[in-house]
Amino acid sequence: IEIKIDMEAMIPKEDVVVLITKDGYVKRTSKRGYLANTEDPLLKENDYVIGLYEQNTLDTLLIFTNLGNYIYLPVHEIPDIKWKQLGKHLSNIIKLEENEMVVDAIAVSDFSKKLDVVLTSKNGMIKKTSLEEFKVSRYSKPISCMKLKDNDEVIAKKIMSAVTDKNKIKKDDPANPNVCMVYYYHKIINNDNLDTICNECKTGSRGCVQCKKELINNMTEFL
């Protein structure tokens, strides 16, 4: 008699917040612990957050690198670390090349969704791949997703696709700025209008597109 074990059924189901930084530090924190904190997460000097996602331990995080690879990382395998503590570097979870760096990440709950992932390189190469093609069963090392020529690398532009409160569907729906990646970037650049942005977001008088465009303008001035 052959006995098949459903490994997914053995994973404790929990709502969590997943954070990944530009320097490659990653962690998951219980949603309750995240919402109980008002402070920024602990980061290395000059590092910054590139992904902040509300996920479930049954979900997956896809992490893209400059060498045209991606890392398939089930959320339940991401280290469970408190919000105020430093995350764990990816190199301690999966082997990376010496010059391999994180450029982007995508939170995935359903690979069957009809979505495309578009990758662009520094030298102008573009590749579009169906999301479902990124699902794998073996993921012990980075997986190639874009072949690059010498001296080329994958780049990323995140602002207009940055994750906001998934409960905000219409422009005038109230939202929670504390689960919004755009609001986090506003805080990083010390926006003088932060209180107004927060209040307008909570009351539904501020749309996400407007908020992202304002952030782009502020970041241009900041840089």
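Start with the whole protein: of the contacts between residues at least 6 apart in sequence, 68% join residues at least 24 apart (contact: heavy atoms within 4.5 Å). This is a predicted model, where local features need pLDDT of at least 70, side-chain atom pairs count only at pLDDT 80 or more, and totals for chains, interfaces and linings use all residues. Residues are numbered from 1 along each chain as its sequence is written, and side-chain values use heavy atoms, without hydrogens and water.

Colour by secondary structure. Four helices and eleven strands appear (DSSP runs numbered from the N terminus: helices H or I, at least four residues; strands E, at least two).

Next, select β9, β8 and β11. They form an open, antiparallel three-stranded sheet in the order β9-β8-β11 (strands pair if DSSP finds at least two bridges between them). β9 (126-130) and β11 (154-155) are the edges; each has a single partner strand, so one side of each lacks a neighbour in the sheet. Zoom in on Thr120: Ile155 in β11 stands opposite.

Now show the aromatic rings. There are six aromatic pairs (Phe, Tyr and Trp rings, the six-membered one for Trp, with centres within 6.5 Å; planes under 30 degrees apart are stacked, over 60 edge-to-face, the rest tilted). Pick Tyr70 and Phe134: with centres 4.9 Å apart and planes at 80°, the pair is edge-to-face. Tyr70 is in strand β5 (residues 69-74), Phe134 in the loop between β9 and β10 (143-144), 64 residues apart. Phe134 is buried at 2% relative accessible area (buried: under 20%; exposed: over 50%; partly exposed: in between; 1.4 Å probe, protein chains only). Add Phe64: ring pairs link Phe64, Tyr70 and Phe134 into a cluster.
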